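The following exercises concern the pockets and the nonpolar core of one model. Each task is followed by a worked solution.

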Amino acid sequence: MRRTIMRYVCLCLTMIFTMNSPRVKKRFPTLDHFVEAGLLTDNEKFIMNDLNAKFPRHSKHWMPIVWAASIVTRARKEGRIRDDFAVKTIIDELNKFRGQCGLLLSYDTISVPLVYTQVNAPLWLCGAP
């Protein structure tokens, strides 16, 4: 269960990187490449393809985190996690990770105006001591 949860976390992050980095997109151009790398199973690929067919415009990077949270909940029901506080802590961390991935995705989609890159000139160029 722990390995599967971490595989889902790595899958989520790699999906974000494919949207931000041309180099990573070249390494993982399709979901088949995720399967070849061991980040995705054939059944999970089928689910992702089905979601992409129904909602083609939206990113699905959050789906592996939902799967990971489901595993945590199942582990609690099976008694592998002893108390609810541990479950809450793990799910809170998964949610925080998902939020940070969304933030990373937004860095690529929101462009910085050119004038902002010129505002922060070094002080020594301005004649400041």
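**Exercise 1.** Which elements each supply at least two residues of the lining of the largest pocket?

*Solution.* The model is predicted, with local features needing pLDDT of at least 70 and side-chain atom pairs pLDDT 80 or more, while totals for chains, interfaces and linings use all residues. Numbering starts from 1 along each chain, and side-chain values use heavy atoms, without hydrogens and water.

Step 1: a pocket is an open set of points on a 1 Å grid where a 1.4 Å probe fits, with protein on both sides within 12 Å along at least five of seven lines; lining residues have an atom within 4 Å of a point.
Step 2: α1, α5 and α6 meet the criterion, helices being DSSP runs (H or I, at least four residues).
Step 3: α1 gives the most, with five residues.

**Exercise 2.** Characterise the largest pocket by volume and lining.

*Solution.* Step 1: the space amounts to about 340 Å³.
Step 2: 15 residues line this pocket, and Met1, Arg2, Ile5, Val72 and Ile90 are the closest to its centre.
Step 3: the lining comprises 11 nonpolar, four charged and no polar residues.

**Exercise 3.** Identify the principal members of the largest nonpolar core and its main contributor.

*Solution.* Step 1: such a core joins buried residues (under 20% relative accessible area, 1.4 Å probe) through side-chain atoms within 4.5 Å.
Step 2: among its 27 residues, Leu11, Phe34, Leu40, Met48, Trp67, Val72 and Leu94 touch the most other members.
Step 3: α5 supplies the largest share, eight residues.

Methods. Buried means under 20% relative accessible area, exposed over 50%, partly exposed in between (1.4 Å probe, protein chains only). Grid points are joined across faces, edges and corners, and a volume is the space filled by probe spheres set on the points. Ala, Val, Leu, Ile, Met, Phe, Trp, Tyr, Cys and Pro count as nonpolar, Asp, Glu, Lys and Arg as charged, and the others, Gly among them, as polar.
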